[in-house]
Amino acid sequence: MKECIMSFFNAPIRNQIPNAVVNVCWLHAFITTSEWLRERTRLVREGMDDPKRFRRLKQCSLPYVTPAGVFSYRKEECLLVPSGDFVVDIDHLASPEEAVKWRDTLFADERLSPDLAFVSPGGTGVKLFLPYRVSLTDSLEKSFDEATRSAWEYLTWRHGLKPDTSNADLSRACFLCHDPGALIRL
């Protein structure tokens, strides 16, 4: 596995200055074993019945990363080092059990070949960290945009899923949550 590094940010989401640089292996260990993150995830999921409360709890309580790379500040023009990964969110699945099924199915998809897959903070979605290649003839932004569009189209065509296409930029935040079954490609 390539060394994929990214910025780590403590909550709340308005914190735009990173607290650390982490790699995918560390992230997987944090997601699967951190008791602190498990408790935070439980508290956030208690707010699921009220969408506004859930959003506020998630934004105020959960740490996040920028899967596309290391940033000095969470803005596209502040990218220091690209990671070669981007995040795809698949939200609004029918149940937590369906989210686990899709996490495992999409992780096994050889075309996608995610570096990391985990169930989202709400429990009914999946987050995938997908690798991409930077073209020698195109800009980083163009390579990133083409990779994200291609992944979205593939997920819709091949799996019938509707990825979240909002805020698909290099500095996109990805909230972290506890998932003891998160999968990593070593």
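Is the crossing of helices H2 and H3 left-handed or right-handed? To set the scene, this is a predicted model, in which local features need pLDDT of at least 70, side-chain atom pairs count only at pLDDT 80 or more, and totals for chains, interfaces and linings use all residues. Residues are numbered from 1 along each chain as its sequence is written, and side-chain values use heavy atoms, with hydrogens and water left out.

Helices and strands here are DSSP runs (H or I over at least four residues for a helix, E over at least two for a strand), numbered from the N terminus. Two packed helices are described by the angle between their axes and the distance between the axes. For H2 (residues 35-45) and H3 (residues 51-61), the axes come within 9 Å and cross at roughly 160 degrees. That makes H2 roughly antiparallel to H3. Axes are lines fitted to C-alpha atoms, for helices over the stretch in contact, and angles run from 0 to 180 degrees between N-to-C directions; under 35 degrees counts as roughly parallel, over 145 as roughly antiparallel, 65 to 115 as roughly perpendicular and the rest as oblique. As for the opening question, the crossing is right-handed (the near helix is turned clockwise from the far one by less than a right angle; anticlockwise would be left-handed). H2 brings Trp36, Arg40, Leu43 and Val44 to the contact, and H3 brings Phe54, Leu57, Lys58 and Ser61, where contact means heavy atoms within 4.5 Å.

Next comes the sheet. Strands of a sheet pair through backbone hydrogen bonds, either parallel or antiparallel. Here four strands line up as S6-S8-S7-S10 in an open sheet with antiparallel pairing; two strands pair if DSSP finds at least two bridges between them. S6 and S10 (183-184) sit at the edges, each pairing on one side only. Helix H1 (residues 24-33) packs on this sheet and touches S6, S7, S8 and S10, its direction making about 20 degrees with that of S7. Helix H4 (residues 96-108) also lies across S6, S7, S8 and S10, but runs at about 175 degrees to S7.

Strand S8 (residues 126-131) has five of its six residues buried, so it is largely enclosed by the rest of the structure; buried means under 20% relative accessible area, exposed over 50%, and partly exposed in between (1.4 Å probe, protein chains only). Six bridges tie S8 to S6 (residues 85-90), and four join S8 to S7 (residues 116-119). Leucine 128 of S8 stands opposite valine 88 and also opposite alanine 117.
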